[in-house]
Amino acid sequence: MTTIDPARAEHETERQPASPPRRSTATRGTRIIGIGAIVALGWLIAFGLGFSPADRDQLESVRILYVHVPTIWLAYLAFIVTAVSSAMYLFSKKKSLGWDRAAGASAEIGVTFVAVTLAVGAMWGRLTWGVFWQWDARLTTTALLFVTYIGYLAVRRLGGSHEQRAKRSAVLGMIAVVEIPLVHFSVKMWRSLHQEATVANLDGDTKMDGLMLFSLFVGVIAFTLLYVWLMLHRTRAMAMEDLLEERGLDDALVARRAEAAATTPPPTSTTTSTTTTGSDS
Amino acid sequence: MNTVAVARLIAAKDLRVERRSKIVTNQVLPFAGITMVSFAFALDKQNVLDTVAPGLVWLATMFSLLIIVQRTFAIETDDGALDAMRVAGVDPRAIFMGKAMALGVQLLVLEAMLFGAAVIFYGESIPSEHAVASVVLLVTTMLSATCGLAAVGTLYGGLAAGFKGSETLLPLLTLPAVAPVLIGATKAVESAVGTSGAVVSEGWQWVGLLTVFAVAAVVGGALAFGPLIDD
């Protein structure tokens, strides 16, 4: 079985000299970030479900927003990281595949966060509007963003060399990011049932109760730590996958050659004699 | 030979191939027509059709776009023509522009037929009191929307060409990307034909959006096409 050192694989996918094999993508840093994420998520549960008050109009359903809003913000961040990493891959001289893996990992996490946003948003919609889904500008553009990045992930799996994958997906990653302003400002551009931005607006007025705002802040911290933790693990796992693909073929060839050498008997006089007898008969 | 001249040659070649094979006239146009009729069956109410006809025309255009793009790149990849053009040193921007121009011409023919179908099947008409302004808005909308659709279709067609599963990947990539065209063109045509009391002047802001989209798609596509087909 091929064993890979993720710390080395992250930097370079070429064949590495023998090193102590490790089977984990974790390091001391990721463990600290992971523990931080768990603590922050616990803190979010305490503030979101316990300490923060119910809303005058939305009642208890307002608590859903402590997940809904941070996940979509982090998804925007993830897609911007994808675009920046894609640009770094395309326009840098070195063309490091590390940028490509960062773009891919960030897009995967972003898609997951948008899925969470849509799912909890649908629950909130059912409680507040009476329907799970409304054909509204913000919802529709968010769904488009989700499908676009699913397409991006599909392009990453088209096949070909790592460089081909990196180039194709980098172009798409830079194009897809222009949808983010469309999603964010859709509530201003069209008549929308979805409320306008309460915190991330241009007039600087947050229009929100202090404890609710703090709970939202805790949510942002928790999901940011989760994003960083997932990014580190996923980029390392992708580096290992790439390395495994490259080493896998070489290892398979060596194994088949060894197998062939072990099973093929050397030519002997008995064999020759048998063959000759067979021919004669 | 400069880029524009090469682009014109490629566009002429694509249109010549189409004229000889007659795939668009024999298959895509009937498909678009049956799509329009199917919408009428599904909705089955004249007042609903009056309201949604502009959107249905553009939706049928998008579905047909996917078939035309598949077809135009299948011709290239089957014979390795795209690789041959690159090996011959043809500028990728010229390939992009040429293929987009040919696609645009085919789309304009298709859209003209679909608007005719909307008049016949859905009873759409141009308001007589400001017929000239409506026709100008309608034609400008068709031209700007077609530029955007052709550029996006060519870019994603080139990206998916020659790979396993490109038939299913192309709609997944293209339909979300052309959603602004669907929204803008539908709103502009609603203004042109006066759907639900919309007036012509309201349509021009949507033509502005379509024009910005078309310029971005053409410039972005011309720059991105080279890295995509260089593999």
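These are my notes on the A–B interface and the cavities of a predicted model.

**Interface**

I looked up the contacts between the two chains first. I found 17 residues of chain B in contact with 18 residues of chain A. The two chains bury about 1,600 Å² between them, and 79% of that area is on carbon and sulfur atoms.

I then noted where the chain B side comes from. The elements giving two or more residues to it are α6 (131-160), α7 (166-177), α8 (179-193) and α9 (200-229) of chain B. I recorded its make-up as 14 nonpolar residues, three charged and no polar ones.

I also checked for specific polar pairing across the interface. The count of salt bridges between chain B and chain A is zero. The count of residue pairs in polar contact is zero as well, with both residues required to be at pLDDT 80 or more.

**Cavities**

I searched for enclosed space and got two cavities of 30 Å³ or more.

The largest has a volume of about 70 Å³. I listed its lining residues, among them B:D14, B:E18, B:R71 and B:Q106. Both α1 (3-21) and α3 (46-78) of chain B supply at least two residues of this lining. By class, I logged four nonpolar, three polar and three charged residues.

The second largest cavity holds about 40 Å³ of space. Its lining includes A:Y89, A:W99, A:D100, A:Y152 and A:R156. I traced at least two lining residues to each of α3 (65-91), α4 (97-128), α5 (137-156) and α6 (162-176) of chain A. I logged this lining as six nonpolar, three polar and two charged residues.

How values were computed:
Residues are numbered from 1 along each chain as its sequence is written. Chains are lettered from A and ligands numbered from 1 in the order in which they are written. This is a predicted model: local features need pLDDT of at least 70, side-chain atom pairs count only at pLDDT 80 or more; totals for chains, interfaces and linings use all residues. Side-chain values use heavy atoms; hydrogens and water are left out. Contact means heavy atoms within 4.5 Å. Buried area is the accessible area (1.4 Å probe) that two parts lose on being put together, summed over both. A salt bridge is a side-chain nitrogen of Lys or Arg within 4 Å of a carboxyl oxygen of Asp or Glu. A polar contact is a pair of N or O atoms within 3.5 Å; within protein, one must be able to donate a hydrogen and the other to accept it, and residues adjacent in sequence count only if both atoms are side-chain atoms. Helices (H or I, at least four residues) and strands (E, at least two) are DSSP runs, numbered from the N terminus. Ala, Val, Leu, Ile, Met, Phe, Trp, Tyr, Cys and Pro count as nonpolar, Asp, Glu, Lys and Arg as charged, and the others, Gly among them, as polar. On a 1 Å grid over the protein atoms alone, a cavity is a set of points where a 1.4 Å probe fits but cannot get out, and a pocket is an open set with protein on both sides within 12 Å along at least five of seven lines; lining residues have an atom within 4 Å of a point. Grid points are joined across faces, edges and corners, and a volume is the space filled by probe spheres set on the points.
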